[in-house]
Amino acid sequence: MSRNKWILLMIVLAGVYFALPNEGVYRIIKMNARMVLPYIMITVIIYLIFTINLLKRAWRKVDAHVNDENTVNFAKLMNITFDVKRMLGPTHLINLYNKINFSSHVSPRSKELLYDAMRRKRLDVPPPGQGADIDAILAHPKRTPEEIRAARIEAASKAKQKAKRKKKKK
C-alpha cells in the first residue's frame with residue numbers, strides 16, 4: 001500500500017473515532033484505540049530505524065562491490081524505506097546511481113530497477129544508458145595526484161590480497 005493510501009486510511013479512522021458516541025460499547029472501543037496508539041507509534045519508529053540501517057548497509061555494500069545482486073537489494077530497500085533523501089543525501093544517491101549506471105558489471109534490468117527507485121524518491125537522474133547528467137559531472141571535483149596515487153596503491157594491495165587468497169585455495 002502506498003504512503004498516500006496509508007495517510008487516507010488514518011484520516012478515515014480518525015474521522016470514525018470522532019464520529020463514534022461516548023457511551024456504551026463505543027466508549028470501550030475508543031478507550032482501547034487510545035491505549036493502542038502508543039504501541040503503533042513505537043512500531044513505526046522501530047520500522048523506520050530498522051529499514052534505514054538496512055538501507056545504509058546495502059548502500060555501503062553496493063558502493064564497495066557494484067554487481068547485480070547488490071544493486072537489486074539496494075533498489076528494493078529504497079522502495080520500502082521512506083525519508084531516504086534526507087538520511088543519505090541526494091548528491092550521494094545521484095553519485096552512486098551514476099557509478100552503477102556506467103558499470104559494466106550490472107545488467108540493464110538492475111539499472112532499470114534502481115532508476116525506478118530513484119524516480120519514486122523524486123531524484124532527477126538520467127535513464128539507464130542515456131548518459132550522465134552534465135551538471136553532476138561538472139560539479140564533481142577533480143582528483144588530486146595524491147588521491148590518484150592512493151587509489152592505485154589501494155588497488156594494488158587488493159590485487160595482492162586476492163592473489164594470496166587464490167594461492168591458498170590451490
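Let's start at a surface position of this predicted model: Asn22 is exposed, with a relative accessible area of 55%. Asn22 sits in the loop between helix H1 (3-19) and H2. Setting aside neighbours within four places in sequence, Asn22 is in contact with Arg27 and Lys30.

**Overall fold and shape**

From that loop we can step back to the whole chain. The protein has eight helices and zero strands, so its pattern along the sequence reads α-α-α-α-α-α-α-α under the DSSP-run assignment used here. For 170 residues, a compact globule would have a radius of gyration near 15 Å, yet the protein has 24 Å. The C-alpha trace spans about 75 × 45 × 30 Å along the principal axes.

Burial and surface can be read alongside those dimensions. Of the 170 residues, 23% count as buried. The accessible surface of the protein comes to about 13200 Å², and carbon and sulfur atoms account for 62% of that area. Charge is another feature to keep in view: there are 33 positive and 13 negative side chains, with the centres of the two sets 9 Å apart. As for how the chain meets itself, take the contacts between residues at least 6 apart in sequence: 62% of them join residues at least 24 apart.

**The largest nonpolar core**

In soluble globular proteins, nonpolar side chains tend to be buried together. Here, the largest nonpolar core holds 22 residues. Within this core, Leu55, Phe74, Met78, Leu93, Ile100, Leu114 and Met118 touch the most other members. Which elements give two or more residues to this core? They are helix H2 (25-64), helix H3 (68-80), helix H4 (84-88), helix H5 (90-101) and helix H6 (108-120). The largest share, five residues, comes from H5.

Ile100 offers a good view of the packing around one core member. Apart from neighbours within four places in sequence, Ile100 is in contact with Val62, Val66, Thr71, Val106, Lys111 and Leu114.

**The loop between H6 and H7**

Three residues of interest share this loop. Arg122 lies in the loop between H6 and helix H7 (134-139), and Pro127 is found there too, as is Pro128.

Most residues other than glycine have a negative phi. Arg122, however, has a positive phi of about 60° although it is not a glycine. Is Arg122 buried or exposed? It counts as exposed, because its relative accessibility of 67% is over the 50% cut-off.

The two prolines can be taken together. Pro127 counts as partly exposed at 34% relative accessibility, and Pro128 counts as partly exposed at 21%. Since buried means under 20%, Pro128 falls on the partly exposed side of that cut-off. Beyond neighbours within four places in sequence, Pro127 is in contact with Tyr97, Asn101 and Tyr115. With the same kind of neighbours left aside, Pro128 is in contact with Tyr97, Asn101, Lys111, Glu112 and Tyr115.

**Back to helix H2**

One more position brings us to helix H2, where Ala33 is found. Ala33 is partly exposed, with a relative accessible area of 32%.

**Pairs in sequence and in space**

Here are some C-alpha separations for residues discussed above, set beside their distance along the chain.

| Pair | Separation in sequence | C-alpha to C-alpha distance |
|---|---|---|
| Ala33 and Tyr17 | 16 residues | 8.4 Å |
| Pro127 and Tyr115 | 12 residues | 6.5 Å |
| Pro128 and Ile52 | 76 residues | 25 Å |

For Pro127 and Tyr115, the 6.5 Å between C-alpha atoms can be read together with the contact between these two residues.

Conventions
Residues are numbered from 1 along each chain as its sequence is written. This is a predicted model: local features need pLDDT of at least 70, side-chain atom pairs count only at pLDDT 80 or more; totals for chains, interfaces and linings use all residues. Side-chain values use heavy atoms; hydrogens and water are left out. A nonpolar core is a set of buried Ala, Val, Leu, Ile, Met, Phe, Trp, Tyr and Cys residues joined through side-chain atoms within 4.5 Å. Buried means under 20% relative accessible area, exposed over 50%, partly exposed in between (1.4 Å probe, protein chains only). Helices (H or I, at least four residues) and strands (E, at least two) are DSSP runs, numbered from the N terminus. Contact means heavy atoms within 4.5 Å. The radius of gyration is taken over C-alpha atoms; the globule rule is 2.2 Å times the number of residues to the power 0.38. Accessible areas come from the Shrake-Rupley method with a 1.4 Å probe; for residues, only the protein chains shown count as cover. Lys and Arg count as positive and Asp and Glu as negative; His and the chain ends are not counted. The place of a charge is taken as NZ of Lys, CZ of Arg, CG of Asp or CD of Glu.
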